[in-house]
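The following exercises concern the fold, the surface and selected residue pairs of one chain. Each task is followed by a solution in steps.

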Amino acid sequence: MDISLIMKVAGVGMIVTVACQILNKAGRDEQATLVSITGIVIVLIMLVGQIGMLFDTLKEVFGI
C-alpha cells in the first residue's frame, strides 16, 4: 500500500469538511448532510479495491 491512497482520502476529507462548514454557516444544513454522505461514498469507492486485496491476502494466509 502506498501513501498516495492515504493522501487522496485526506484530500477528500478536507474538501468535504470545508464544504460542509460553508454550507452550515449559510444555513443549508440539508445540502451539508448530502455533501458529507457523498464524501463517504467517494472514499468507500476508492477503498473497495484495497479491501478486496485485503480479503484475498487473508484467504492466502489462513488457507481458506
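**Exercise 1. Compare the radius of gyration of the chain with that of a compact globule of 64 residues.**

Solution. The model is a predicted one.
Step 1. For a compact globule of 64 residues, a radius of gyration near 11 Å would be expected.
Step 2. The chain has 16 Å instead.
Step 3. The extents of the C-alpha trace along its principal axes, about 55 × 20 × 10 Å, complete the description.

**Exercise 2. State how many helices and strands the chain contains, and locate the helices.**

Solution.
Step 1. The chain has two helices and zero strands.
Step 2. Helix α1 covers residues 3-25.
Step 3. Helix α2 covers 29-62.

**Exercise 3. Determine which of Met7, Ala10, Gln50 and Ile64 are exposed and which are partly exposed.**

Solution.
Step 1. The cut-offs are as follows: a residue is buried under 20% relative accessible area, exposed over 50%, and partly exposed in between.
Step 2. Met7, in helix α1, has 55% relative accessibility and is therefore exposed.
Step 3. Ala10, also placed in helix α1, has a relative accessible area of 32% and so is partly exposed.
Step 4. Gln50 belongs to helix α2; its relative accessible area of 31% makes Gln50 partly exposed.
Step 5. Ile64 lies in the segment after α2, and its 81% relative accessibility means that Ile64 counts as exposed.
Step 6. For the chain as a whole, buried residues account for 12% of the 64 residues.

**Exercise 4. Give the C-alpha separations of the pairs Gln50 and Leu5, Ala10 and Val43, and Met7 and Leu34.**

Solution.
Step 1. Gln50 and Leu5 stand 45 residues apart in sequence, with their C-alpha atoms 9.5 Å apart.
Step 2. Between Ala10 and Val43, 33 residues apart in sequence, the C-alpha distance is 9.4 Å.
Step 3. Met7 and Leu34 are 27 residues apart along the chain, and 23 Å separates their C-alpha atoms.

**Exercise 5. Describe the surface of the chain, including its nonpolar patch and its charges.**

Solution.
Step 1. The accessible surface amounts to about 5100 Å², and carbon and sulfur atoms contribute 73% of this.
Step 2. A nonpolar surface patch is formed by Ile51, Leu54, Phe55, Leu58, Val61, Phe62 and Ile64.
Step 3. Together these residues have about 760 Å² of accessible area.
Step 4. The chain carries 4 positive and 5 negative charges, whose mean positions lie 8 Å apart.

Definitions and conventions:
Residues are numbered from 1 along each chain as its sequence is written. This is a predicted model: local features need pLDDT of at least 70, side-chain atom pairs count only at pLDDT 80 or more; totals for chains, interfaces and linings use all residues. Side-chain values use heavy atoms; hydrogens and water are left out. Patches are made of residues with over 30% relative accessible area and no salt bridge: like charges are joined within 9 Å, nonpolar side chains (Val, Leu, Ile, Met, Phe, Trp, Tyr) within 5 Å. Accessible areas come from the Shrake-Rupley method with a 1.4 Å probe; for residues, only the protein chains shown count as cover. A salt bridge is a side-chain nitrogen of Lys or Arg within 4 Å of a carboxyl oxygen of Asp or Glu. Helices (H or I, at least four residues) and strands (E, at least two) are DSSP runs, numbered from the N terminus. Buried means under 20% relative accessible area, exposed over 50%, partly exposed in between (1.4 Å probe, protein chains only). The radius of gyration is taken over C-alpha atoms; the globule rule is 2.2 Å times the number of residues to the power 0.38. Lys and Arg count as positive and Asp and Glu as negative; His and the chain ends are not counted. The place of a charge is taken as NZ of Lys, CZ of Arg, CG of Asp or CD of Glu.
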